[in-house]
Amino acid sequence: MWNLTKFVASRLSRSRRFFSSVIPRPCIIQKRGADILHDPWINKETGFPLAERNRLGLRGLLPPRVISFEQQYARFMESYRSLEKNTVSEPDTSHVALAKWRILNRLHDRNETLYFRVLIDNIKDFAPIIYTPTVGLVCQNYSGLFRRPRGMYFSAKDKGEMMSMIYNWPAQKVDMIVLTDGSRILGLGDLGVHGIGIPIGKLDMYVAAAGLNPQRILPVMLDVGTNNLKLIEDPLYLGLRQPRLEGEEYLSIIDEFIEAVLTRWPKAIVQGTAGVALAGLLGTVRAQGRSLDDFPNQKIVVVGAGSAGLGVLSMAVQAVVRMTGNAETAAQNFFLLDKDGLITKERKNLDPAAVAFAKDPGLIAGLRDGDSLLEVVKKVKPDVLLGLSGVGGVFNEEVLKALRESGSNRPAIFAMSNPTMNAECTAVEAFKHAGENIVFASGSPFENVQLGNGKVGYVNQANNMYLFPGIGLGALLSGARIITDDMLQAAAECLASYMTDQDIEKGILYPSINSIRDITAEVGASVVRAAVAEEVAEGYGKVDPEELAYMSK
């Protein structure tokens with residue numbers, strides 16, 4: 001019987017061998033001369049041996065000395081460590097972060113093989129630079145940082161032309177597409193075309209974590225305008241200078257794009273954004289000394305009724321339904337707040353997406369529509385405080401102290417908004433005001449907090465990079481054309497159960513980023529199993545659905 005996790009892991013191992021040196025076997029190159037040096041996929045820079053320089057018309061276009069791949073690797077790392085050393089005392093951390101991003105981006109632009117080798121080997125150091133939190137700074141400054149295009153750009157001006165445009169992409173096969181319209185970027189709001197930085201960074205992580213072929217990934221910006229007046233008035237802004245399309249006009253653009261993609265690449269996986277919070281919520285139950293089956297009894301206050309908050313809330317409620325089989329009462333222990341306070345059924349002009357989570361005013365004594373966060377925490381006495389508001393500091397001292405008095409044996413705080421300035425609270429604030437026994441997770445990187453008696457308050461960075469490379473890999477290897485709710489649930493539950501009991505007792509909900517490839521293999525296997533169970537798996541390569549179904553765990 002085949003082993004499913006080993007099958008998934010073998011794909012990762014193959015990619016690791018690929019990036020361990022230059023391309024390991026002969027390949028046909030259609031380009032010659034300077035065109036090769038300008039193609040980051042095949043460019044080896046000074047690594048071309050003399051025979052290849054003669055054959056490919058490169059002689060005279062490069063310095064005479066041949067520098068091996070390993071020497072190039074060492075030279076880049078020396079350059080990067082020198083930058084770190086020279087900026088260690090820099091007060092402007094955003095300036096330093098962008099400088100680090102630039103040096104990595106320049107490598108990406110000229111030599112993808114070396115770039116991904118460096119990224120895979122140094123994932124802990126480089127993940128925060130190519131993805132959160134630095135990618136937020138990159139998106140804010142994208143027009144000024146732009147040097148060469150990466151990915152594809154479809155705009156409202158391209159309506160009626162997308163079917164032909166999709167064939168302008170040079171790769172014959174695409175496995176994974178990450179799409180954004182730039183409307184909600186990491187709590188920074190509407191960044192328009194600048195949002196392309198998110199799909200680029202996310203897909204780089206997919207290559208490093210899931211072993212996807214970098215020639216078969218595609219970041220896409222769907223530019224439907226922007227409501228950010230500052231961008232519209234910026235002479236350097238690279239996107240459409242018009243208000244953002246909405247309603248049927250917007251949906252027609254999405255439909256045309258999806259039709260074009262699926263016509264050329266019928267099995268391509270198209271991903272938007274989503275959260276890893278559910279895995280952390282399930283892990284919190286274990287940290288409180290309870291079994292996962294007790295998750296439906298957790299009282300959870302969610303601050304933020306935008307797409308991120310509603311998305312996490314929907315997944316959490318679906319998890320409760322799976323555990324209890326009762327959809328009618330699944331949302332009873334979730335309390336949702338927006339900028340106007342607690343959402344109840346008395347709220348007028350309520351967002352249709354939030355209706356399912358609106359509370360009956362009499363559910364808890366004294367609970368009223370529009371109650372403040374502090375009032376809700378005092379009356380509900382939650383086990384978990386989950387922030388997806390994008391409002392920095394909303395978990396203030398009073399709120400955190402009220403949570404401390406909630407009665408939960410180990411309350412959990414998820415300050416998920418990023419970048420750091422938008423986090424609902426810092427790790428230091430959480431441990432200081434809510435108590436040293438809390439579980440803390442954030443969307444932005446905070447340092448662990450030194451507590452009294454030599455104890456450590458662990459900070460969990462709740463980041464999509466732990467979960468979604470595995471979801472993408474599992475969907476790809478199962479051949480599923482859609483990613484179902486059960487596949488997402490399986491991934492979250494797999495991540496939640498990955499941690500040891502000892503780690504959970506310390507308040508550690510997520511594994512080290514250094515283990516990202518092992519985690520991705522485990523999550524990917526769980527997604528394949530879920531796809532097989534739901535009969536949406538169509539197989540991958542020579543492995544058909546029947547063989548997937550007979551694989552062991």
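## Notes on the salt bridges, sheet and helices

1. Let's start with a pair of charged residues: R286 and D501 meet through their side chains in a salt bridge, with N and O 2.7 Å apart. These two are far apart along the chain, since R286 belongs to helix α14 (residues 277-287) and D501 to helix α21 (residues 501-505), a separation of 215 residues. Keep in mind while you look that this is a predicted model.

2. If pairs like this are new to you, here is the idea: side chains of opposite charge can pair when their charged atoms come close. How many salt bridges does the model have by this rule? The count comes to 25.

3. Another one to find is the salt bridge between the side chains of D125 and R81, at 3.1 Å from N to O. It also links distant parts of the chain: D125 is in helix α7 (residues 123-130), R81 is in helix α4 (residues 69-86), and 44 residues separate them. Are these two buried or exposed? Neither word quite fits, because partly exposed covers the range between under 20% (buried) and over 50% (exposed). D125 has a relative accessible area of 35%, so it is partly exposed. R81 is at 31%, so it counts as partly exposed too.

4. Next, have a look at D109 and R148, a salt bridge whose closest N and O atoms are 3.6 Å apart. D109 sits in helix α5 (residues 93-110), whereas R148 is in the loop between α9 (142-145) and β1 (152-155), 39 residues away. The two partners differ in how covered they are: D109 is buried, with a relative accessible area of 18%, while R148 is partly exposed at 31%. There is a bit more to see around this pair, as salt bridges with shared partners join D109, E112, R148 and R150 into one network.

5. Back to α14, the helix that holds R286. How many of the residues of α14 are buried? The helix is mostly covered, with 11 of its 11 residues buried. Among them are A277, L278, L281, L282, V285 and R286. So the R286 of point 1 is on the buried list, because its relative accessible area is under 20%. Just after the helix, G289 takes a positive phi of about 80°.

6. Now for the sheet. In general, strands of a sheet pair through backbone hydrogen bonds, either parallel or antiparallel. Here, 7 strands form an open sheet with mixed pairing, in the order β7-β6-β5-β8-β9-β10-β13. Which strands are at the edges? They are β7 (341-342) and β13 (459-461), each of which pairs on one side only. At the β7 end, strand β6 (residues 334-338) runs antiparallel to β7, and 2 bridges join them. You can spot L337 standing opposite L342 in β7.

7. A helix lies over part of this sheet. Helix α18 (residues 427-434) lies across β9 (412-415), β10 (439-442) and β13, and runs at about 160° to β10.

8. Finally, a pair of helices. The axes of α16 (residues 373-380) and α17 (residues 397-404) come within 9 Å and cross at roughly 5°. That angle is under 35 degrees, so α16 is roughly parallel to α17. Where they touch, L373, L374, V377 and K378 from α16 meet E398, V399, A402 and L403 from α17. By class, this contact has 6 nonpolar, no polar and 2 charged residues.

Definitions and conventions. Residues are numbered from 1 along each chain as its sequence is written. This is a predicted model: local features need pLDDT of at least 70, side-chain atom pairs count only at pLDDT 80 or more; totals for chains, interfaces and linings use all residues. Side-chain values use heavy atoms; hydrogens and water are left out. Axes are lines fitted to C-alpha atoms, for helices over the stretch in contact, and angles run from 0 to 180 degrees between N-to-C directions. Helices (H or I, at least four residues) and strands (E, at least two) are DSSP runs, numbered from the N terminus. Angles under 35 degrees count as roughly parallel, over 145 as roughly antiparallel, 65 to 115 as roughly perpendicular and the rest as oblique. Contact means heavy atoms within 4.5 Å. Ala, Val, Leu, Ile, Met, Phe, Trp, Tyr, Cys and Pro count as nonpolar, Asp, Glu, Lys and Arg as charged, and the others, Gly among them, as polar. A salt bridge is a side-chain nitrogen of Lys or Arg within 4 Å of a carboxyl oxygen of Asp or Glu. Buried means under 20% relative accessible area, exposed over 50%, partly exposed in between (1.4 Å probe, protein chains only). Two strands pair if DSSP finds at least two bridges between them.
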